[in-house]
Number of protein chains: 2
Amino acid sequence: MPDDHPLLRKLDALSPLSDEDRRFLAQVVAHPMAVPARTDLIREGDRPHGVFVIVEGIACRYKILPDGGRQVLAFLVPGDFSDLDVDLLEVMDHAVGTLTPCRMVHVPARTVRDLLDAHLGIARAMRLAALGEAATSRQWLVNLGRRSCEQRLAHVLCEMLVRLRSVGLASETGYHFPLTQVDLADATGMTPVHVNRSFKALRERSLIEGWGRSIVIRDVAALEGVAAFDRAYLHRTGSTGSCSRSAPAGLRA
Amino acid sequence: MPDDHPLLRKLDALSPLSDEDRRFLAQVVAHPMAVPARTDLIREGDRPHGVFVIVEGIACRYKILPDGGRQVLAFLVPGDFSDLDVDLLEVMDHAVGTLTPCRMVHVPARTVRDLLDAHLGIARAMRLAALGEAATSRQWLVNLGRRSCEQRLAHVLCEMLVRLRSVGLASETGYHFPLTQVDLADATGMTPVHVNRSFKALRERSLIEGWGRSIVIRDVAALEGVAAFDRAYLHRTGSTGSCSRSAPAGLRA
DNA sequence: CGATCCGTTGACATCGGTCAACGGACGTGG
DNA sequence: CCACGTCCGTTGACCGATGTCAACGGATCG
């Protein structure tokens, strides 16, 4: 019962799966392959041929700019997967690659189609997961557009805590997070050295502890406060809970 | 034949529609309603009850932060529509509202379902449109994360040129664009006064002309250069064309 | 043992934000 | 028709957050 495959765990939480769905999925996902760190799974301009499911490690979506800069668009953690719309997508407008060594499954387009057509329960859960990823990406837009560097970093840390916890990879307050400061910089739109300084600031405020492969959040509520983090957006349930303040007609306060 | 409804025009370009599809769509979209500027169509936390199709004017998706700040997530121009996944969406994680006076159609969830189930051609085109919006939002992520203020503004202007042209609302080099500098600021993650200054800079470089309700781009190629704009991402056809530079394994240059 | 990668720190430069004032366009009420 | 208020664009002075450049040291790996 405690089939702790992160994909099952995640999907089941979004939309409870039948035993048959679980069995089918478990089979699809049975034989992960190892992929080294910093390896592209698919590049911008490639035509996608299936879906990648992350089983272990951290990957990301990213784009490279003409000047060589990189923007990380999203982190993919165990249980996450790349685009479902393989059939519609002609070419990737961004790349997907590993950041740390990963284990993952490549699900061929054919199987994906089958999964979505013949297993409605799975389809629903996966569609919900995709909506969740879209919501997260909107949060990132807010993060990059409207928050200070320290807040951005704090927000990422809060987000990862919630996401990793939901697949059993984080404790109440901490998790393993073996990313480079360069990676974080490319995700938060800052400079690597400023990532470092911001970490230092968060540490000095006693909001987090120890850096280096492992994050410990000393005061989750406080960190969420600093980041203006909204726990709700990662849970597709009931009302959102943030922004209770009256915001009439889209005008600024 | 030149049925210039922006929705038809846009969808037909993405995936050619049958005459019956066109007739059906034209009927769905027959009676637009007027909505004043700065009016919310749906708020964060609301449960969506259908899809809005913009026929005229400019709307946006946005989020309000606890401190009252606003981040515009996307512009919606004629032919664009709000979320197709009404059935899956419990609550909105962001708001949608007009920026200028608009004319639009509200398509009830029931009709949307019918549209997607019974009219595969339309469904395909609309799904492609949704993918296009996702691609655009990734561009915005890059914009906010990795570009200077002047570049961000230039990028928005380039994007709007392409998008408005594709629905016949822009000439070769210019278009009507009655947004406030505050709106632009909230979209580009800058300050209203800096939007002003950046406009001035672009004008002084002779890249654009006249501001005030109307944009004229004097040198499209140059502006796209400044913005590092990639025409391809708005056209779902063939290969992407940008980033020809070799970018091995996601490493920075 | 040397090369490389990564985190760390300091000094310095600058982009963009903040604060404040002004003026034109527009709408509203006297 | 005029007086006033409001919204918006514009500009200047100032300052702070963040980027840039450079150096160093520890860890890891061949």
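How many bridges join S1(A) to strand S7 of chain A? Three topics today, and that question opens the part on the sheet. Keep in mind that this is a predicted model.

So, the answer. S1(A) and S7(A), residues 102–108, are joined by 3 bridges. The two strands run antiparallel. For one facing pair, look at A:Ala34: opposite it, in S7(A), stands A:Arg103.

Now widen the view. The sheet in chain A is open and has 3 strands. Their order is S1-S7-S3, with antiparallel pairing. Which strands stand at the edges? Those are S1, residues 33–35, and S3, residues 50–56. Each has a single partner strand, so one side of each is left without a neighbour in the sheet. On average, neighbouring strands here are turned by 40 degrees against each other, direction ignored.

Next, the helices. A helix pair is described by two values, the angle between the axes and the distance between them. Take H5 of chain A, residues 149–166, and H7 of chain A, residues 192–204. They pack at about 75 degrees, and their axes are 9 Å apart. An angle from 65 to 115 degrees counts as roughly perpendicular, so H5(A) is roughly perpendicular to H7(A).

Which residues make that contact? From H5(A), we have A:Cys149, A:Glu150, A:Leu153, A:Ala154 and A:Leu157. From H7(A), we have A:His194, A:Val195, A:Ser198, A:Phe199, A:Ala201 and A:Leu202. By type, that contact holds 8 nonpolar residues, 2 polar and 1 charged.

Last topic, the DNA. Strand D is surrounded by 17 residues. The closest come from two chains: A:Cys149, A:His194 and A:Arg197, then B:Gln181 and B:Asn196. Two of these names you have just heard, A:Cys149 and A:His194, in the helix contact.

What part of the DNA faces the protein? Of the strand D atoms that come within 4 Å of the protein, 65% belong to sugar and phosphate.

Some individual contacts to phosphate oxygens of strand D. A:Cys149 uses a polar backbone atom, at 3.2 Å. B:Gln181 uses a polar side-chain atom, at 2.9 Å. B:Asn196 also brings a polar side-chain atom, at 3.0 Å.

Where does this surface come from? Two elements give two or more residues each: H7 of chain A and H7 of chain B, residues 192–204. The largest share, 5 residues, comes from H7(B). By type, the surface near strand D has 6 nonpolar, 7 polar and 4 charged residues.

That's the tour. Questions, please.

Technical notes: Residues numbered from 1 in each chain as written. Chains lettered and ligands numbered in written order. Predicted model: local features only at pLDDT ≥ 70, side-chain atom pairs only at ≥ 80, totals over all residues. Heavy atoms only, no water. Axes fitted to C-alpha atoms, helices over the stretch in contact; angles between N-to-C directions. Helix = DSSP H or I, 4+ residues; strand = E, 2+ residues; numbered from the N terminus. Parallel < 35°, antiparallel > 145°, perpendicular 65-115°, else oblique. Contact = heavy atoms within 4.5 Å. Nonpolar A, V, L, I, M, F, W, Y, C, P; charged D, E, K, R; others polar. Near = heavy atom within 4 Å. Polar contact = N/O pair within 3.5 Å; in protein donor to acceptor, adjacent residues only side chain to side chain. Pairing = 2+ DSSP bridges.
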